Amino acid sequence: MNTFVFFELSRLNVLKCSGSPLQRSSVDEINQADEKMSKWASSLNVPFAKIERVQLDSVSRIVEPTRTTCVIYGDGLEGIVTRVALLALSDGLDVVILADLCVSDDPENSQIYLNRMTQFGAQISTFHQFSDEAEWLLAQGS
């Protein structure tokens, strides 16, 4: 998870996935993640979409056409997060998964899912690493 994720702020979409029944501790965890990401996205005017448990056949239909990178997090790493990431990749979009903001139904095996997403072309990052890079890009004038 030490990959430095280069991106253009003007090309980002933030996608929050939800689709798993959560335990109480996970609800608190995902609420904190939502607060972090919604503040971050609104401060930089980055579109923020929530994807609920639905039949989704294309991510490109719900993101802004000029924004080609999807930042994905949420509950159900093994389910909806992985599905949305694979759909976005198949739509030709770049994908960044914020691993520390993903709630796993199977924490012991979550690294396997993240490794598979990397093999398919997704980048794995953390919120802290991602937001630090955004601040650096802003300071550089990107």
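## The contact between Q129 and S125

In this predicted model, the side chains of Q129 and S125 are joined by a polar contact of 3.1 Å. Q129 has its place in helix α4, while S125 belongs to strand β5. The contact therefore links a residue of α4 to one of β5, and Q129 counts as buried because its relative accessibility of 14% falls under the 20% limit.

S125 also counts as buried, with a relative accessibility of 0%. As for the confidence of this region, β5 has the highest mean pLDDT among the elements of the protein, at 92.

## Helix α3 and the loop that follows

Helix α3 spans residues 110–119, and its buried residues are S110, L114 and M117. These residues lie on the same side of α3, because they cover an arc of only 60° around the axis. The elements against which they pack are α2 (77–90), β4 (94–103) and β5 (123–125).

After α3 comes G121, which has a positive phi near 115°. A122 is located in the loop between α3 and β5. With a relative accessible area of 5%, A122 is buried. Its C-alpha atom is separated by 4.9 Å from that of V95, although the two residues are 27 residues apart along the chain. When neighbours within four places in sequence are left aside, A122 is in contact with L89, V95, I97 and M117. Of these partners, M117 is one of the buried residues of α3, and L89 is one of the buried residues of α2.

## Helix α2

Helix α2 is largely enclosed by the rest of the structure, because ten of its 14 residues are buried. The buried residues are L77, E78, I80, V81, T82, V84, A85, L87, A88 and L89. Their cover includes β1, β2 (48–51), β3, β4 and α3. Just after α2, G92 adopts a positive phi of about 85°.

## The nonpolar core

The largest nonpolar core consists of 41 residues. Within this core, the residues with the most contacts are M37, W40, V59, I72, Y73, I97 and L98. Two or more residues each are contributed by β1 (12–17), α1 (24–43), β3 (69–75), α2, β4, α3 and α4 (127–140). I97, which has a place among the residues with the most contacts inside the core, is also a contact partner of A122.

In soluble globular proteins, nonpolar side chains tend to be buried together.

## Overall arrangement

The secondary structure comprises four helices and five strands, arranged along the sequence in the pattern β-α-β-β-α-β-α-β-α. Among contacts between residues at least 6 apart in sequence, 84% join residues at least 24 apart.

Of the 142 residues in the protein, 49% are buried. The exposed surface amounts to about 7600 Å², of which carbon and sulfur atoms supply 49%.

## Confidence of the model

The mean pLDDT of the protein is 77, and 78% of its residues reach 70 or more. Among the elements, α1 has the lowest mean pLDDT, at 74. Where pLDDT is low, the predicted coordinates should not be read in detail.

Terms used. Residues are numbered from 1 along each chain as its sequence is written. This is a predicted model: local features need pLDDT of at least 70, side-chain atom pairs count only at pLDDT 80 or more; totals for chains, interfaces and linings use all residues. Side-chain values use heavy atoms; hydrogens and water are left out. Buried means under 20% relative accessible area, exposed over 50%, partly exposed in between (1.4 Å probe, protein chains only). The arc is that of the directions from the helix axis to the C-beta atoms. Contact means heavy atoms within 4.5 Å. Accessible areas come from the Shrake-Rupley method with a 1.4 Å probe; for residues, only the protein chains shown count as cover. A nonpolar core is a set of buried Ala, Val, Leu, Ile, Met, Phe, Trp, Tyr and Cys residues joined through side-chain atoms within 4.5 Å. A polar contact is a pair of N or O atoms within 3.5 Å; within protein, one must be able to donate a hydrogen and the other to accept it, and residues adjacent in sequence count only if both atoms are side-chain atoms. pLDDT is the predictor's confidence in each residue, from 0 to 100.
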